[in-house]
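Please open the model in your viewer and keep the sequence beside it, because we will move from the whole chain to a few single residues.

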Amino acid sequence: SLTAGSTGTCAVTATKANDGNYLAKSSASTSVTFTVAGQAALSITSTTGTYGSTITLATSGGLGNGTVSYAVASGTASNCTLHGAALTATTAGNCLVNATKAADGNFASVSSGQTVVTFNRAAQAKLTITSLSGKYGKASKLTDSGGSGKGKVSYSVVGGSAKKCHVKGSSLTSGSAGTCLVKATKAADRNHAATSSSLVKF
């Protein structure tokens, strides 16, 4: 059994010992070559992040001391960009990333193949209804502040002591004096998930 601590060649001579009839005999020196080995499979392990943040790419697998580099191809996210192992995009969606661990003296290079790295929609800022009172017999215009992105804001009545609380667009009416419980919801857009306000009593 022949082993070596690195790639390269070993000069090997075989000798057959003498016996009662024959003298010992050795072969000519023969070069035995140890070539570079294949690395273990390489995988990208950082595959999710959130819109507006940077994903720091990482890998598992491979062998040896070769450096890991990354390349990005277009995906559903806009402007997928790499700076070293830092991946960014200007919208939610995914980027296609390939990792390569370079060869060293003992191992050939290996690549992960394209991996889907996803930027999920971000949470919106807190949404608040800012119109907090009205008068019976007169429509109250609902207003809000907060939220994020371009999603449309809608309002809904979820209860209350006043009769026939009703929302049409951003206008709240009731059929009697009392309270109406109203919730505002700002819809999702490409980069932000939907969000709702706390219930507000009018």
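In this tour, strands (at least two residues) and helices (at least four) are DSSP runs, numbered from the N terminus. With that in mind, colour the chain of this predicted model by secondary structure, and you should find 23 strands and zero helices. The radius of gyration of the chain is 34 Å, well over the 17 Å that the globule rule gives for 202 residues, so the chain is more spread out than a compact globule. If you turn the C-alpha trace along its principal axes, its span is about 125 × 35 × 20 Å.

Next, show the surface, which comes to about 11,900 Å² of accessible area, with 52% of it belonging to carbon and sulfur atoms. Of the 202 residues, 27% are buried. You can then colour the charged side chains, of which 17 are positive and 4 are negative, and the centres of these two sets lie 31 Å apart.

Now select valine 36, which sits in the loop between strand E4 (30-34) and strand E5 (42-44). Is this residue buried, exposed or partly exposed? Its relative accessible area is 43%, and valine 36 is therefore partly exposed, since that class lies between the 20% and 50% cut-offs. Leaving aside neighbours within four places in sequence, the contacts of valine 36 include Thr7, Asp104 and Phe107. For a sense of distance, draw a line from the C-alpha atom of valine 36 to that of alanine 86, 50 residues apart along the chain, and you will read a separation of 31 Å.

Move on to alanine 77, in the loop between strand E9 (68-73) and strand E10 (81-83). Alanine 77 has a relative accessible area of 7% and is buried, as buried means under 20%. Beyond its neighbours within four places in sequence, alanine 77 is in contact with residues among them Ala89, Cys95 and Arg190. Alanine 187 is 110 residues away from alanine 77 in sequence, and their C-alpha atoms are 20 Å apart in space.

Finally, select serine 131, which you will find in the loop between strand E15 (127-129) and strand E16 (140-141). What does the side chain of serine 131 reach at 2.9 Å? The partner is the backbone nitrogen of threonine 143, while the backbone oxygen of lysine 141 lies 3.4 Å from a polar atom of the serine 131 side chain. Serine 131 is itself buried, with a relative accessible area of 12%.

Methods
Residues are numbered from 1 along each chain as its sequence is written. This is a predicted model: local features need pLDDT of at least 70, side-chain atom pairs count only at pLDDT 80 or more; totals for chains, interfaces and linings use all residues. Side-chain values use heavy atoms; hydrogens and water are left out. The radius of gyration is taken over C-alpha atoms; the globule rule is 2.2 Å times the number of residues to the power 0.38. Buried means under 20% relative accessible area, exposed over 50%, partly exposed in between (1.4 Å probe, protein chains only). Accessible areas come from the Shrake-Rupley method with a 1.4 Å probe; for residues, only the protein chains shown count as cover. Lys and Arg count as positive and Asp and Glu as negative; His and the chain ends are not counted. The place of a charge is taken as NZ of Lys, CZ of Arg, CG of Asp or CD of Glu. A polar contact is a pair of N or O atoms within 3.5 Å; within protein, one must be able to donate a hydrogen and the other to accept it, and residues adjacent in sequence count only if both atoms are side-chain atoms. Contact means heavy atoms within 4.5 Å.
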